[in-house]
Amino acid sequence: MTAPHKLIICLICLTHFGFTQASYKFNSLHCSVASPEVGKINVCEIKAIDRYHNKLSVEMDLKKTLTQIEIHFKMLKRESGGWHPFFYDMKMDVCKFFQNKRSFFIPNIIYSFMKPFTNLNHTCPYLAGSVLRLWEFTPNEKGVLGVFPVDHGQYALHSDWYGNKAPILELNGSVLFYK
Ligand SMILES: *[C@@H]1O[C@H](CO)[C@@H](O)[C@H](O)[C@H]1NC(C)=O
Ligand SMILES: *[C@@H]1O[C@H](CO)[C@@H](O)[C@H](O)[C@H]1NC(C)=O
């Protein structure tokens, strides 16, 4: 192969690499307990891995046994200076989800990215005295973008957690997808 050809191939691969090399960074995380008699937040933090990546951890002590858990979550996207509903807004019964994950299509995809990082992975009950955690969560960028080919930009997830039908927890976070 001649030198110019090598150069062209190299340019193509660089450009291609540039396009697929999307990355993410968590921007914010807020955890707030609605029922201190049910749960206590021990950890709610974003930690840097390197200049370009970070990881997210949330840990809660459970003080009461939960036989029913529901999450109301919605996604938002930041556009023209404000947050707007994006794509997804739903209530989900966590215990029913773990009984039959396949019948919850989108939650199952989202869960598949979190599974290695959390012990919220079985059906009810969740016992008093246990610790629920999402630990050092770093999404698989290629995996996420392969399934949700979203534009670059800033996205947020707001979630309200209910246990035995009463509000227990609010978790909000945002993430920046960039290249
Ligand atoms: C989470 O976001 C909602 C808006 O969707 C806001 O009302 C609530 O105060 C936020 N909670 C926390 C803990 O940041
Ligand atoms: C749930 O998570 C715990 C802690 O990571 C793990 O030991 C257990 O095997 C997991 N259970 C399932 C059903 O994946």
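**Entry 1: the whole chain**

What percentage of the 179 residues of the chain count as buried? I looked this up before anything else, in what is a predicted model. The figure is 37%. I then turned to the accessible surface, which comes to about 10,800 Å². Carbon and sulfur atoms hold 61% of that surface.

I listed the secondary structure next and found four helices and eight strands. Along the sequence they follow the pattern α-β-β-β-β-β-α-α-β-α-β-β. I also checked how far apart in sequence the contacting residues are. Taking contacts between residues at least 6 apart, 60% join residues at least 24 apart.

**Entry 2: strand S3 and its partners**

I picked strand S3, residues 54-62, to see how covered it is. Seven of its nine residues are buried, so the rest of the structure largely encloses this strand.

Which strand pairs with S3 over nine bridges? I found strand S2, residues 39-48, running antiparallel to S3. S2 and S3 make a hairpin, with five residues between the two strands. For one pair in this ladder I noted Cys44, whose bridge partner in S3 is Val58.

S3 is also joined to S6, by five bridges and in the antiparallel sense. Here I noted Leu56, which stands opposite Phe137 in S6.

**Entry 3: helix H3**

I went through helix H3, residues 105-114, for its buried residues. They are Ile106, Pro107, Ile109, Tyr111 and Phe113. What do these buried residues pack against? I found two strands and two helices: S5 (82-93) and S6 (131-137), along with H2 (94-99) and H4 (141-147). S6 had already come up in my notes as a strand bridged to S3.

**Entry 4: strands S1, S7 and S8**

I moved to the end of the chain. S7 and S8 pair in the antiparallel sense over 11 bridges. They form a hairpin with two residues between them. In the turn I noted Asn164, which has a positive phi of about 45°. Within the ladder, Leu157 stands opposite Gly173 in S8.

S8, residues 166-178, also pairs with strand S1, residues 23-33. That pairing is antiparallel and runs over 10 bridges. I wrote down His30, which has Asn172 in S8 as its bridge partner.

**Entry 5: two residues of S7**

I looked up Ser159, which sits in S7, residues 153-163. Is Ser159 buried or exposed? Its relative accessible area is 6%, and because buried means under 20%, Ser159 counts as buried. Its side chain makes a polar contact of 3.0 Å with the side chain of Trp161. Leaving out residues up to four places away in sequence, Ser159 touches Ile71, His72, Phe73, Leu169, Glu170, Leu171 and Asn172.

Ala156 is also found in strand S7. I read a relative accessible area of 6% for Ala156, which is buried. Beyond its neighbours within four places, Ala156 is in contact with Lys74, Met75, Leu76, Trp83, Gly173 and Ser174. I also took one C-alpha separation: Ala156 and Lys77 are 79 residues apart along the chain, and their C-alpha atoms are 6.2 Å apart.

**Entry 6: ligand 1**

Which residues surround ligand 1? I found His30, Ser32, Lys74, His158, Glu170 and Asn172. By class, this shell has four polar and two charged residues, and no nonpolar ones.

I noted three distances. An oxygen atom of ligand 1 is 2.5 Å from an N or O atom in the side chain of His158. A nitrogen atom of the ligand is 2.6 Å from an N or O atom in the side chain of Glu170. A polar side-chain atom of Asn172 lies 2.2 Å from an oxygen atom of ligand 1. Taken alone, ligand 1 exposes 370 Å², and the protein buries 54% of that. S1 and S8 are the elements that give two or more residues to the shell. Asn172 also appears in my earlier notes, as the bridge partner of His30.

**Entry 7: ligand 2**

I ended with ligand 2, which has Lys115, Asn119 and Asn121 around it. A polar side-chain atom of Asn121 lies 2.2 Å from an oxygen atom of ligand 2. How much of the accessible area that ligand 2 has on its own does the protein cover? I read 30% of 360 Å².

Conventions
Residues numbered from 1 in each chain as written. Chains lettered and ligands numbered in written order. Predicted model: local features only at pLDDT ≥ 70, side-chain atom pairs only at ≥ 80, totals over all residues. Heavy atoms only, no water. Buried < 20%, exposed > 50% of the residue type's maximum accessible area, 1.4 Å probe, protein only. Polar contact = N/O pair within 3.5 Å; in protein donor to acceptor, adjacent residues only side chain to side chain. Contact = heavy atoms within 4.5 Å. Pairing = 2+ DSSP bridges. Near = heavy atom within 4 Å. Areas by Shrake-Rupley, 256 points an atom, 1.4 Å probe, with all protein chains shown as cover. Nonpolar A, V, L, I, M, F, W, Y, C, P; charged D, E, K, R; others polar.
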